[in-house]
Amino acid sequence: MVSDQKPLGSWSVKQGQIITCPAVCNFQTREYIVVHDNKVLRIWNNEDVNLDKVFKATLSAEVYRILSVQGTEPLVLFKEGAVRGLEALLADPQQKIETVISDEEVIKWTKFFIVFRHPVLIFITEKHGNYFAYVQMFNSRILTKYTLLLGQDENSVIESFTASVDRKFISLMSLSSDGCIYETLIPIRPTDPEKNQTLVRSLLLKAVVSGNTRNGVALTALDQDHIAVLGSPQAASKECLSVWNIKFQTLQTSKELPQGTSGQLWYYGENLFMLHGKSLTVIPYKCEVSSLAGALGKLKHGQDPGTHVMPRFVNWETPQGCGLGFQNSEQSRRILRRRKIEVSLQPEVPPSKQLLSTIMEDSEKHIEVEVRKFLALKQTPDFHTVIGDTVTGLLERCKAEPSFYPRNCLMQLIQTHVLSYSLCPDLMEIALIKKDVQLLQLCLQQFPDIPESVTCACLKIFLSIGDDSLQETDVSMESVFDYSNSVHDEKMEEQTEILQNGFSPEEDKCSNCDQELNKKPQDETKESTSCPVVPKRAALLNAILHSAYSETFLLPHLKDIPAQHITLFLKYLYFLYLKCSENATMTLPGIHPPTLNQIMDWICLLLDANFTVVVMMPEAKRLLINLYKLVKSQISVYSELNKIEVSFRELQKLNQEKNNRGLYSIEVLELF
Amino acid sequence: RSTSGAEPESARARGAGAERGERREGERAAGIRCVAYNNQSNRLAVSRTDGTVEVYNLSANYFQEKFFPGHESRATEALCWAEGQRLFSAGLNGEIMEYDLQALNIKYAVDVFGGPIWSMAVSPSGSQLLVGCEDGSVKLFQITPDKIQFERNFDRQKSRILSLSWHPSGTHVAAGSIDYISVFDVKSGSAIHKMIVDRQHMGVSKRKCIVWGVAFLSDGTVISVDSAGKVQFWDSATGTLVKSHLIANADVQSIAVAEQEDSFVVGTAEGTVFHFQLVPVTSNSSEKQWVRTKPFQHHTHDVRTVAHSPTALISGGTDTHLVIRPLMEKVEVKNYDAALRKITFPHRRLISCSKKRQLLLFQFAHHLELWRLGSTVATGKNGDTLPLSKNADHLLHLKTKGPENIICSCISLCGSWIAYSTVSRFFLYRLNYEHDNISLKRVSKMPPFLRCALQILFSEDSTKLFVASNQGALHIVQLSGGSFKHLHAFQPQSGTVEAMCLLAVSSDGNWLAASGTSAGVHVYNVKQLKLHCTVPAYNFPVTAMAIAPNTNNLVIAHSDQQVFEYSIPDKQYTDWSRTVQKQGFHHLWLQRDTPITHISFHPKRPMHILLHDAYMFCIIDKSLPLPNDKTLLYNPFPPTNESDVVRRRTAHAFKISKIYKPLLFMDLLDERTLVAVERPLDDIIAQLPPPIKKKKFGT
C-alpha cells in the first residue's frame with residue numbers, strides 16, 4: 001500500500017478543464033505531458049508549480065493517448081488513428097491530422113514497443129463488434145491493418161487487452177467476456193502490407209475470471225510466460241489478483257482484494273500497481289524463471305496432460321572412481337554423450353536397457369528377478385537414472401493395468417536410497433490407493449520431500465485401517481518399544497514419574513476439572529499407562545511423527561481427519577508423552593523412537609487444527625483435561641527451571657566473591 | 001635441589017590490579033563506543049566510554065600503537081578519519097576534537113553549539129565533516145589544513161540526530177533520528193525526504209523507535225538499523241521502504257558497509273553480529289539481493305559499534321572486547337590475518353614494581369594503588385601453594401585530581417619515589433617508610449616542561465628520573481633527598497615531533513634507550529649527555545625493550561613477535577641475534593596474538609631473557625639450541641626426575657609457561673622470586689552491567 005506515502009508532486013488543471021489522456025513522462029527531457037479537453041497539450045517539469053502557466057499547444061485533432069517508453073521520443077496517437085512524434089507535432093501544432101480509421105471505428109486499446117531498437121505501435125479498434133488491429137512501424141512508416149476473427153464465440157465482447165513482444169511476433173492477449181484469455185500472434189514484419197489480413201485467435205486460458213462480472217477486469221503480461229489478471233474468479237467471490245503461468249497453464253499466485261478494484265492494472269519495474277478500494281496498492285512481483293517445479297505449486301490437477309513435461313532423471317552424483325570436483329561436469333557430459341550414443345546406435349543391450357524392456361511386458365515375478373540382478377550389479381555410472389526410469393516404468397504400468405502391483409520390486413527400489421517423492425509422486429499415490437501401509441511406512445522413512453497433504457493422507461490410512469488387516473502386514477517395528485513390559489512396574493513408578501516432570505495433581509489448583517477425574521482414579525491409571533493402539537499401528541504412527549513438515553501446509557489437511565481418529569492419535573501421543581517423562585532424559589526406549597519435541601509438536605498441531613471438534617466430544621474430555629494439566633505442568637517446570645537458574649547464578653556470584661578473598665597467593669614454581 | 005638450579009617462588013597477585021576495573025572503586029571497565037577503520041593506512045581507531053582513544057595498526061599484527069588518555073567529561077559518541085589520515089572525534093560535551101597522531105595529544109577542540117553531539121560523518125572526499133546534535137541540528141564543517149571551519153546548518157530536525165551517512169557521491173546525506181530518517185540535499189541543506197520508521201516491535205508498539213545507524217549506498221538505497229530490532233532498506237529517491245529484516249529482539253545498534261558495497265555488518269544489543277551480503281538471486285544471474293548470511297556471537301553485551309575492513313568484520317561493545325573476525329573468502333593465504341582476534345587487554349604495561357621493597361604500583365584510570373607483597377616462611381615442592389605468614393597489604397590509594405585519566409606511572413626500584421602524569425600535570429611523590437607507616441610528600445614546583453609525560457622511568461639507583469614528554473623531548477632529572485634538578489633534555493631530531501613511548505635504562509645508569517611509535521630506537525649516553533647510536537629501523541613497532549645488566553645488550557621485542565638483541569657498546573646486533581634471524585623463530589612463536597609487554601633479566605643468569613605477553617611467559621636461554629619448526633615449541637618445563645640425556649635432547653632455548661593468564665605483568669623480584677599479576681576475565685565481566693537476559697528454558 002502506498003496510501004501512507006506522500007506524493008512527490010501534484011498538479012491540477014483549472015476548473016472546467018478535463019484531463020482526457022493520462023499524463024506521461026518524456027524520459028528524454030524529464031518532462032511531463034498531459035492532454036486536457038482532448039486537444040490541449042501541456043508540458044512541464046518538476047520545478048513548475050502551476051499547470052496553467054506551463055507550455056501549452058492546441059492541436060487540430062483530438063488525442064487518444066500519448067505514449068512514451070524509455071529511449072525514444074513520445075508518440076501522440078489521435079482518435080482518428082493518426083500518429084505523430086511529439087517533436088514533429090510541437091514544431092507545428094496546428095498541422096493537419098489525417099484520418100486513418102473509418103467512421104464509427106473506435107480505438108479501444110494501444111501499446112508502444114521497442115523492437116530491435118525500432119518503435120512499433122499497436123492499437124486495436126472496434127466497429128460493430130468487429131475488432132481490428134493496426135501495427136505501425138516507424139522505421140519503415142508502414143501501417144498494417146488486421147482483422148481479428150473471434151472464432152466460434154462470435155458474440156463475446158473483449159474486455160481487456162495486453163501484449164508482449166518477442167523476436168517475430170507481437171503476442172496480443174485478450175480477456176473476453178466469457179472469462180477466457182485468448183492469444184493472437186501478430187507478425188511484426190508484415191508479409192503483404194497492402195492486403196487486408198485476418199488473424200485468428202487461440203484459446204490460452206479457460207475460465208480465468210467469471211463470465212458475468214462487468215467491472216474490474218483487467219490483464220497485463222508480466223513476461224513471456226506470466227500474466228496477471230484482475231477480476232473475480234467465480235461469480236460470487238470477491239475480486240482477486242491472480243498471476244498465471246501460461247506455459248504450464250497454472251495459477252502461480254493469487255491475492256484477494258476485498259475492497260474492490262477498478263479494472264486498472266499496471267506492471268512496472270517488477271511491481272504490480274492497482275487500485276484497491278480508495279488506495280493505490282503496489283505489490284512487488286517478480287516472475288521466476290518458468291519451471292515445472294515452480295508451476296506445480298498450485299492447481300496441479302488442472303494441468304493439461306498434453307503439456308505435462310516429465311523431468312529427465314539426472315545423475316547428480318559423481319560416479320564412483322571419479323576424482324576431483326572440476327572434472328564432474330566433463331564427466332557427466334561424457335556420460336550424457338554416452339547415453340545418447342546408446343540410444344542412437346544401440347551397440348549392444350546393456351543391463352539397464354534390458355531391465356527397462358522387461359518392465360514393460362514381463363510378469364511381476366520376472367521383473368523382481370531382473371531388478372534384483374540389476375541391484376546386485378550396483379553402482380554403474382547411470383545407476384540413479386536407471387532406478388528412476390525403472391520406477392517410472394513400473395508405475396506407468398501400474399496405472400495402466402490395475403491388477404499389476406510389483407510390491408516387492410518397489411520396496412527394493414525404495415531401499416536403494418536414491419528415490420525421492422518428487423522423482424516419483426505416483427508411487428505414494430498408488431500405495432495410498434492400495435492401502436499398502438508397509439510401503440507407505442518405507443516411503444515416509446526414506447523420502448525427504450513428502451508433501452504435507454500426502455503425509456496427512458498416510459496418517460488418515462494409518463488411523464483408519466482395521467486392526468485385523470494390520471495383523472497381516474509386515475511393518476518395521478524398529479521405532480516401537482514393547483511398552484507392555486513396563487506396565488507391571490507402573491503403579492510403583494507412577495508417583496515419581498509425575499514428580500519428575502513437575503506434574504503433581506495434588507498441587508493442581510484446577511480442582512473443578514479434577515473432580516471427574518478423581519472419581520475413577522483406577523481407571524485413569526489404566527488409561528494412561530496402556531498403549532491405546534496396537535504396536536503395529538504405533539510403528540506406523542511413529543513414521544508420521546518422524547516425517548518432516550511445515551506447520552502452515554500441514555494444518556489445513558489435519559482438519560480433514562475424523563474426530564475419533566484425532567482423539568485416538570492424541571491418546572497415543574499423550575501415552576508417548578507419559579512414557580517419555582518416565583526417565584530423567586525424557587526419551588523413549590527403542591532404537592529410533594520419536595523425540596519429545598516431535599510428540600509435543602504433534603499434540604499442538606492436532607489441537608490447533610481440531611480443537612473445536614475435539615472439545616465437543618464427551619469421550620475426549622478426559623484427554624483434554626489431561627493435556628491441559630500437562631501443559632500447565634510444563635509451564636511450571638519451565639518457570640521452576642528459570643528460578644533455579646537464577647539461584648545458581650547467585651551461588652556463582654557468592655562463589656566468585658569467596659575466590660576473590662584469595663586474591664594473593666604464593667606458589668612454588670620450578671623453572672631452572 | 002635439582003642440579004639445574006634454584007626454584008624461584010612466584011608471588012601471584014591474582015587480579016589485584018589492572019588498568020580498568022576495581023570493584024572497591026566502582027570503576028568499571030571502559031567498554032568500546034566507536035571504531036573507525038582507515039583503509040589507506042590500515043589503522044583502526046577505537047574510542048572507549050571513558051573517552052580514551054586507541055589506534056591499532058592492523059598491518060603490524062593489530063598492535064595498539066597509539067593511545068590518547070580519557071577524560072571524564074569527554075564521552076566520545078563518534079569517531080572518524082578524514083583525508084590525510086586525520087582523526088576526529090565528537091562527543092556528548094558538544095565538541096569536535098582533532099588528534100595529533102605524531103605528538104599524541106589533542107590538537108584542538110571546537111564547540112559546535114548544538115548540545116551533545118551524537119553522530120559525525122566525514123564526506124566521501126574527506127574534506128567536510130558533518131555532525132548531528134542533540135537539538136536536532138546537522139552542522140557542516142569544512143576541514144582546513146590546520147583546523148575545521150563551520151560552514152552552515154542543515155534544516156533543523158525535531159529530535160536528536162543519532163546517525164549520519166553520506167551518499168558516496170557527496171550530494172546527499174541520510175540522518176537517523178527518533179522515529180524517522182531524513183534525507184538531506186547537501187547543496188541546499190534541505191530535507192528532501194522523511195522516512196517514518198515503524199515503531200512496532202514484534203507486534204507490540206514501543207514508545208519510540210531510535211534509528212541507531214544509517215548507511216547510504218551509491219545506488220540510492222539507505223539501510224537503517226533501529227531499536228525495534230530491524231534492518232531496513234529504503235529507496236531514497238522515493239522515500240519508500242523497500243525491504244525489512246527483523247533480526248533481533250533487542251536494539252540493532254550499529255552498521256558498517258564494505259567499500260565495495262557488496263557486504264555489510266550490523267551489531268545488536270544481544271551481542272550478536274550479523275553479516276549481510278549482496279548475492280545473486282540464482283547462480284549466473286546478474287540480479288542481486290541482500291541476504292543475511294552469517295551470524296556471529298563473540299560478545300556477551302551490546303555491540304555498540306562495527307566496522308568493515310576489506311578482509312574482516314570488526315566489532316566492539318560494552319564487554320570491552322575488540323573482535324576482528326576475518327572473512328575467510330577474502331583472506332587469500334592462511335596467515336596471521338586468517339585468525340579470529342579478540343583484543344581485551346591494553347598493549348602497554350600498567351604495573352611497575354619496586355624490587356627492593358617488594359612493592360607493586362598499579363595504574364588505574366583515575367587512581368594508583370600501591371601494594372606490598374606478602375610473605376611466607378614455608379617451603380614446598382613444585383606446584384604447591386604456600387600458606388601466607390603475611391598477606392599482601394594495600395599501602396596507598398592515590399587518587400588523581402581532575403577529570404583526566406592517568407597516562408603513565410612509575411615507582412622507583414627503591415620504592416621511595418612515585419611519579420605519574422596526566423595530560424596537563426606531572427606529579428612526583430617522595431615516600432618515607434617508618435616501620436609500618438608510610439608518609440607521602442609531593443614534590444612541588446614542577447618545571448613547566450614537565451607537564452605531560454608519555455613514559456616515566458627511574459634509574460636503578462633512583463638518582464635519576466627520565467621523562468618522555470609529548471613534545472618529543474627526553475628530560476633527565478637529578479633526584480637527591482627531597483628535591484630535584486633538571487639535568488638535560490634530549491631534543492628530538494629537527495623536523496620530527498614524534499613522541500617517545502618506551503624507555504629503558506641500563507642498570508649501571510649509563511645508557512638510555514627510547515623508542516617512538518614508528519621511528520627506530522635511539523640510545524643515549526647519559527654520562528656524556530649525547531646520542532650514542534640509533535638501532536637500525538625495523539618495519540614493526542617496538543612493544544617492549546630492556547637493557548641487560550653487565551653486557552648492556554638491548555633486547556627489543558616487536559609487534560611481529562621478532563626479538564632482537566643489540567649490543568650498545570659495539571653498536572651492532574649480537575651474534576646470538578644474528579643466529580636467531582638467520583634461523584628464524586618457530587612458527588608458533590610468530591603466530592602468538594598478543595605482544596610482549598615486558599622484558600627482564602635474571603641477575604645471576606646472564607644467558608636468560610625473561611619476557612611475557614598476556615597468555616604466557618617465556619625464558620629464553622641463549623645457551624641452548626633454537627627450536628626449529630619440527631620441534632615442539634611449548635614443551636612444559638621438563639620434570640626433574642627425567643635423565644639428563646632426555647632433558648638435553650628435548651631442551652631448546654624457549655621455555656614457555658602458560659600457568660598464569662591473562663598475565664598483565666611479570667618480573668623478577670630477586671634471584672628466587674618472581675611476581676606475576678593476573679587479571680581473570682570473569683572479574684571484568686562480573687563488573688559489567690548484566691547483559692540482555694535470554695531465557696534458557698521454555699520459549
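Contact here means heavy atoms within 4.5 Å, and that sense of the word applies at each stop of this tour through a predicted model.

**Confidence in chain A**

Begin by colouring chain A by pLDDT, which averages 76 over the chain, with 78% of the residues scoring at least 70. Among the elements of chain A, select helix α10 (residues 452-464), which has the highest mean pLDDT at 91, and then helix α12 (residues 490-500), which has the lowest at 39. Next select residues 297-348 of chain A, where the pLDDT stays under 50 and for which the model has 44 contacts beyond four places in sequence. A further selection, residues 486-527 of chain A, also shows pLDDT below 50, and this stretch has 54 contacts in the model beyond near neighbours in sequence.

**Helix α9 of chain A**

Now select residues 437-446 of chain A, which form helix α9; eight of these ten residues are buried, so the helix is largely enclosed by the rest of the structure. The buried residues to show as sticks are Val437(A), Gln438(A), Leu439(A), Leu440(A), Gln441(A), Leu442(A), Cys443(A) and Leu444(A). Which elements do the buried residues of α9(A) pack against? Add α7 (407-414), α8 (425-434), α10, α11 (467-472) and α15 (535-546) of chain A to the display, since these are the helices against which they pack. Of these, α10(A) has already been visited as the element of chain A with the highest mean pLDDT.

**Strand β11 of chain A and its partners**

Move to residues 130-137 and 142-149 of chain A, which are strands β10 and β11 and which pair in the antiparallel sense over seven bridges. Within this pairing, Gln136(A) has Leu143(A) in β11(A) as its bridge partner. The two strands form a hairpin with four residues between them, and in the turn Arg141(A) is worth picking out, with a positive phi of about 55°. Then add residues 197-200 of chain A, strand β15, with which β11(A) pairs in the parallel sense over four bridges. Here Leu149(A) stands opposite Val200(A) in β15(A).

**An open sheet in chain B**

Turning to chain B, a cartoon view covers four helices and 58 strands. Of its 699 residues, 59% are buried, and its accessible surface comes to about 28500 Å², of which 50% belongs to carbon and sulfur atoms. Among contacts in chain B between residues at least 6 apart in sequence, 48% join residues at least 24 apart.

For one sheet in this chain, follow the order β2-β3-β4-β5 of chain B, in which four strands form an open, antiparallel sheet. The edge strands are β2 (32-38) and β5 (63-68) of chain B, each of which pairs on one side only. Neighbouring strands of this sheet are turned by 20° against each other on average, direction ignored. Zooming in on β2(B) and strand β3 (residues 43-48) of chain B, one finds antiparallel pairing over six bridges, and Val35(B) has Val46(B) in β3(B) as its bridge partner.

**Thr268 of chain B**

For the last stop, select Thr268(B) in strand β25 (residues 263-268) of chain B. Is Thr268(B) buried or exposed? Its relative accessible area is 0%, so Thr268(B) counts as buried, the cut-off being under 20%. Beyond its neighbours within four places in sequence, show the residues in contact with Thr268(B): Ile247(B), Ala248(B), Asp251(B), Val252(B), Gln253(B), Phe274(B), His301(B), Asp302(B) and Val303(B).

Terms used: Residues are numbered from 1 along each chain as its sequence is written. Chains are lettered from A and ligands numbered from 1 in the order in which they are written. This is a predicted model: local features need pLDDT of at least 70, side-chain atom pairs count only at pLDDT 80 or more; totals for chains, interfaces and linings use all residues. Side-chain values use heavy atoms; hydrogens and water are left out. pLDDT is the predictor's confidence in each residue, from 0 to 100. Buried means under 20% relative accessible area, exposed over 50%, partly exposed in between (1.4 Å probe, protein chains only). Accessible areas come from the Shrake-Rupley method with a 1.4 Å probe; for residues, only the protein chains shown count as cover. Two strands pair if DSSP finds at least two bridges between them. Axes are lines fitted to C-alpha atoms, for helices over the stretch in contact, and angles run from 0 to 180 degrees between N-to-C directions.
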